[in-house]
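Please examine the structure shown below. The report that follows describes its overall form, its surface and its confidence.

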Amino acid sequence: MKQIRNITLLMCMALIAGQLFAGGFALTGVGSRATSMGGAFRGLSDDASAMYWNPAGLGFMNENSVSLGGTFIMPSAKWDPSGTTVSGIPGFSAKEYEANKKVVAFPNAFLTMAKNPKLKYGLGVYVPYGLGTTWDAYELPGSPYVYSDPASFPEEEMMSSIAVIDMHPSVAYQVLPNLSVGMGLSAMYGTIDITQLEFPPGSNVAPMSIDLSGTGLGFGANMGMLFKPTRCISIGLSGKLPSTIAMEGDAKVLLWMPAQAPVPEMTLGGESDIEADLKLPGEIGIGIASTRIPNLTLTLDYAYTMWDRLDKVLVEMKDPITITDAMVVSESELVFDWENTHRVSLGAEYQMGMNKLRTGFFYDQTPIPEETQLPTLSDISDKFSANLGWGREFGNIGIEANAQWVMFTERELKDSDSSTNNMPGKYNSNSISGNIGLTYKF
């Protein structure tokens, strides 16, 4: 029964896995300008990305606009199981492994209609959650072990990929000359692909490969207010409701048994349709922006994200997969114990002639405890960012660009920290990303 729970746990982890650069599996933000200011944007929210940060910001806009943009991320993740029980498993080595490097792109688009004196509205399409990681760290042991069809064993045996696309209509109303309120609705489409590896008890040379994929729909909402007590100060408060994407897909579980006389080599397992819920956290944040110094805008944000709703996940196998008579993958309610997190962001924008120069910083906690850390969960620890950005307007056309570096502190799990839900070793990760945006006002 313990092994059944472990296998299902890995599948659940797959549904929320990824090389992800804000807490848990969230991206660091939306919009080139907001990202370049470290995500300290709730108290400013004066461009189309306000639909993500604080929809009340639409209430103070006066022009219609169309915005297109994209984020390009190149992650780097390393895992070193040397000196742990993992390095003693045939097929693994006592060395540092590096995830396959690739550039991943996430587009976004916004339309704002803001010429009405009081009522403003818009539509955004963006990716608030995404990214993944791929590992080629394990090889089937060689002689004297013989496997059935070893060529079909996954070359990239640990892989995760997740993306959530949010179609986000928003509306704001300017209640007073210095006060606006707003809200937005989220219609979300999620896609997930995963390959995972597990070893049943009693054999280190009979790996179990788990392939899972799924898609689903979910709905959510955010809301906010923006208050300007003086000409130079604005204060924003915004929140996001917790939501759930109901995923449907399929799973393939195979046990790769080597030949053990008199039993020939064999591959056991099968496939099944699955259902599971991808739980997205609620969040509340407050921000302040100041333009008291000529040509300089300063921003400060604090956000509290409620990841603790990921305490339990239920995965349902429509047709239980029988590995052996004593090993059946079915359904299970699992405890993750993810923790709520704090994020602090600072940002600055300096107007220098026709150009706007920007910089930002954030500190973000990880919600993932050591007890559930896996290589495919590369939000490995608390993280810091450094951002540089630039913007300029050419008449009705605006161009934005941003570069961001995110560094994670090292996390080390020793054998004494090992549980049935993690893999010991040293974890290191960082990412370099760029963001561009183009806006036309009309």
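## Overall form

What radius of gyration does the chain have, and what would a compact globule of 442 residues have? The chain has 24 Å, which agrees with the value near 22 Å for such a globule. The radius is taken over C-alpha atoms, and the globule rule is 2.2 Å times the number of residues to the power 0.38.

This is a predicted model, in which local features need pLDDT of at least 70 and side-chain atom pairs count only at pLDDT 80 or more, while totals for chains, interfaces and linings use all residues. Residues are numbered from 1 along each chain as its sequence is written, and side-chain values use heavy atoms, leaving out hydrogens and water.

Along its principal axes, the C-alpha trace spans about 85 × 40 × 35 Å.

## Burial and a single residue

Of the 442 residues, 55% count as buried (under 20% relative accessible area; exposed is over 50%, partly exposed in between; 1.4 Å probe, protein chains only). Methionine 352 counts as partly exposed, because its relative accessibility is 45%. Methionine 352 and aspartate 319 are 33 residues apart in sequence, yet 64 Å apart in space, C-alpha to C-alpha.

## Confidence

The average pLDDT of the chain is 88, and 92% of the residues score at least 70; pLDDT is the predictor's confidence in each residue, from 0 to 100. Over residues 1-22 the pLDDT is below 50, although this stretch has 112 contacts in the model beyond near neighbours in sequence (contact: heavy atoms within 4.5 Å). Where pLDDT is low, the predicted coordinates should not be read in detail.
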